[in-house]
Amino acid sequence: MTTLPDWLAAQSVDAKLASVMTTMAAASIEIAAVLRLAAITGQTGLAGHTNVQGEDQKPLDIISNDIVLQHIRQNPAISVLVSEELDEPVHIENQGAYLVATDPLDGSSNLDVNVTVGTIFSILDARKGLLQPGSAQLGAGYAAYGPATSLVITFGPVAAVFTLNDDGEFVLTTEQLSVPQASAEYAINTARERFWDAATKGYVAESVAGETGPAGKRHNMRWIGSMVADVHRILVRGGIFLYPLDSETISKGGRLRLLYEANPMALLVAAAGGRSTTGRQSVLDVVPTDIHQRVPVVLGSAEEVARVEAWYAKG
Ligand code: P6P
């Protein structure tokens, strides 16, 4: 089986860029080990808990962030870390060429019910600044901590899947992900329907109408509430993920974060032949104004994303 180092060596990318992927893979292996035993060690996904000794527990997303930062500090190719868990970027004295933006433990509120969560990351050229559009990403990926620990990565042309084996190595299990152009499975938090705009309501109503409506085919709905889990399903078997702007999130610009959730996922989906949009423009074209900027996200099978865009085009 092809290991991650073998695969990276075969990619036509700068060795130092490849080393950033190696660093994030190593961090994800360490995070996976912590998560696997968290219930036994008394750690939870939520902030503010204390352990049996009454000691304040660092929530697992802070622990995950610490692990990522520790690994990043050991790679002289990386000079900047932007993290959902840090108000400000960390500038590392190595002054390397690369910036990593990460959500070190996305979906952590699902940990206590043993649902797949993940580490999402984006790689940029640090010399070009913090606020670059997703189209400038040099690479992206996520680790999914589920029944298996998967690492899904791209440098742009393809999105490949690696699975952690019992020797602590990531081995190639899918050479090239390909999102089906058409699909009949949508992922949205339907409890928010009262906040939705007309385009979201219109698209979901068409899907719910199934074969009796304009979509002309029966749809299914899946919402795990963990972006990594929902997006991984879509990358593997197709579908569409929607966290649109709604009357409650509009004041913040959306729910999900641009630099370290929407952009890396949009690059992976594009590498797999899918599409992403805010509803009005490609996610990858959004020029950030803040490192923690939020953005509406619709991504997945190209035909379904186009159907959402058609609803937004109706105004
Ligand atoms: P809701 C997890 O908190 C997260 O940031 C994403 O992983 C997930 O897709 C979304 O929020 C879930 O949102 O509205 O279902 O709680």
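Student: What makes I188, N189, R192, W196, L242, Y243, P244 and D246 the lining of the largest cavity?

Tutor: On a 1 Å grid over the protein atoms alone, a cavity is a set of points where a 1.4 Å probe fits but cannot get out, and lining residues have an atom within 4 Å of a point. I188, N189, R192, W196, L242, Y243, P244 and D246 line the largest cavity, so each has such an atom. This is a predicted model, where local features need pLDDT of at least 70 and side-chain atom pairs pLDDT 80 or more, while totals for chains, interfaces and linings use all residues. Residues are numbered from 1 along each chain as its sequence is written, and side-chain values use heavy atoms, without hydrogens and water.

Student: How is the lining of the largest cavity divided by class?

Tutor: Five residues are nonpolar, one is polar and two are charged. Ala, Val, Leu, Ile, Met, Phe, Trp, Tyr, Cys and Pro count as nonpolar, Asp, Glu, Lys and Arg as charged, and the others, Gly among them, as polar.

Student: Why is the approach of D106 to the ligand called a polar contact?

Tutor: A polar contact is a pair of N or O atoms within 3.5 Å. An N or O atom in the D106 side chain is 2.5 Å from a ligand oxygen, so the pair qualifies.

Student: What makes N189 and W223 polar contacts of the ligand?

Tutor: A polar side-chain atom of N189 lies 3.1 Å from a ligand oxygen, and one of W223 lies 2.9 Å from a ligand oxygen. Both pairs therefore meet the cut-off.

Methods. Polar contact = N/O pair within 3.5 Å; in protein donor to acceptor, adjacent residues only side chain to side chain. 1 Å grid on protein atoms, 1.4 Å probe; cavity = no way out; pocket = protein on both sides within 12 Å on 5 of 7 lines; lining within 4 Å.
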